[in-house]
Amino acid sequence: MNLEELKRQALHVHDLYDELNRRERGRTWTRGDFMLGFVGDVGDLAKLVMAEEGVRDVPGGRPALEHELADCLWSVLILAHHYDVDLEAAFRRTMSDLGASIAGKLAATADGEHTGS
């Protein structure tokens with residue numbers, strides 16, 4: 001599945017949530033609500049990672065970790081949609097920038113090792 005297919009599926013679930021929230025609460029989530037939901041998901045993910053590392057007891061095990069990672073990805077896709085961010089382009093640009101920055105630091109470190117600094 002490519003990013004475009006993931007976005008389509010995420011938006012379909014988003015639309016289902018909108019309809020459910022309209023029926024149950026009389027309103028849909030705002031962009032801020034999505035952000036707060038994402039923060040909650042990241043907190044849940046942190047606990048599950050700690051459990052995976054043996055630092056904490058959290059029920060659910062590996063399936064819960066996988067679910068929470070997928071929830072976080074869903075939130076990122078939806079936030080990118082709501083803020084009109086081309087996530088694929090932003091990801092490629094960011095990875096390129098980070099790669100160049102890290103490679104530069106590695107080269108500087110290697111040069112320092114060779115010169116005895």
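Helix α1 has 23 residues and spans 31 Å from its first C-alpha to its last, close to the 33 Å expected at 1.5 Å a residue. This is a predicted model. The tour below starts with this helix and then moves to the pockets and two further residues.

## Helix α1 and its ends

Look first at the start of α1. There, a side-chain oxygen of Asn2 comes to within 3.0 Å of the backbone nitrogen of Glu4. Now look past the other end. Gly26 follows α1, and its phi is positive, near 80°.

Which residues of α1 are buried? They are Ala10, His14, Asp18 and Asn21. An α-helix has 3.6 residues a turn, so residues three or four places apart point the same way. The cover over the buried residues of α1 includes α2 and α3.

## His14 up close

His14 sits in helix α1. Is His14 buried or exposed? His14 counts as buried because its relative accessible area is 6%, and the cut-off for buried is under 20%. Its partners can be listed too. Setting aside neighbours within four places in sequence, His14 is in contact with Phe34, Trp74, Ile78 and His82. With His82 there is also a polar contact, side chain to side chain, at 3.0 Å.

## The two pockets

Here are the largest pocket and the second largest pocket, side by side.

| Pocket | Volume | Nonpolar lining residues | Polar lining residues | Charged lining residues |
|---|---|---|---|---|
| Largest | about 220 Å³ | six | three | two |
| Second largest | about 170 Å³ | seven | one | none |

Which residues line the largest pocket? The lining is made of Tyr17, Asn21, Trp29, Phe34, Gly37, Phe38, Asp41, Ala70, Asp71, Trp74 and Ser75. Three helices each supply at least two residues of this lining: α1 (3–25), α2 (31–52) and α3 (61–82). Asn21 is part of this lining, and Asn21 is also one of the buried residues of α1. Phe34 and Trp74 line the largest pocket, and both are in contact with His14.

Now take the second largest pocket. Its lining consists of Leu6, Gln9, Ala10, Val13, Ala70, Leu73, Trp74 and Leu77. The elements that give two or more residues to this lining are α1 and α3. Ala10 lines this pocket, and Ala10 is among the buried residues of α1. Ala70 and Trp74 appear in the lining of the largest pocket and again in that of the second largest pocket.

## Leu36 in helix α2

Leu36 lies in helix α2. Is Leu36 buried or exposed? Leu36 counts as exposed because its relative accessibility is 63%, and the cut-off for exposed is over 50%. Its distance to Ser75 can be traced in the structure. Leu36 and Ser75 are 39 residues apart in sequence, with 10.0 Å between their C-alpha atoms. Ser75 is one of the residues lining the largest pocket.

## Arg56 in a loop

Where is Arg56? Arg56 lies in the loop between α2 and α3. At 37% relative accessibility, Arg56 is therefore partly exposed, since that value falls between the 20% and 50% limits. Arg56 touches other residues as well. Leaving out neighbours within four places in sequence, Arg56 is in contact with Lys47, Met50 and Ala51.

How far apart are the C-alpha atoms of Arg56 and Asn2? They are separated by 34 Å, and the two residues are 54 residues apart along the chain. Asn2 is the residue whose side-chain oxygen reaches Glu4 at the start of α1.

Methods
Residues are numbered from 1 along each chain as its sequence is written. This is a predicted model: local features need pLDDT of at least 70, side-chain atom pairs count only at pLDDT 80 or more; totals for chains, interfaces and linings use all residues. Side-chain values use heavy atoms; hydrogens and water are left out. On a 1 Å grid over the protein atoms alone, a cavity is a set of points where a 1.4 Å probe fits but cannot get out, and a pocket is an open set with protein on both sides within 12 Å along at least five of seven lines; lining residues have an atom within 4 Å of a point. Grid points are joined across faces, edges and corners, and a volume is the space filled by probe spheres set on the points. Helices (H or I, at least four residues) and strands (E, at least two) are DSSP runs, numbered from the N terminus. Ala, Val, Leu, Ile, Met, Phe, Trp, Tyr, Cys and Pro count as nonpolar, Asp, Glu, Lys and Arg as charged, and the others, Gly among them, as polar. The expected span of a helix is 1.5 Å times one less than its number of residues. Buried means under 20% relative accessible area, exposed over 50%, partly exposed in between (1.4 Å probe, protein chains only). Contact means heavy atoms within 4.5 Å. A polar contact is a pair of N or O atoms within 3.5 Å; within protein, one must be able to donate a hydrogen and the other to accept it, and residues adjacent in sequence count only if both atoms are side-chain atoms.
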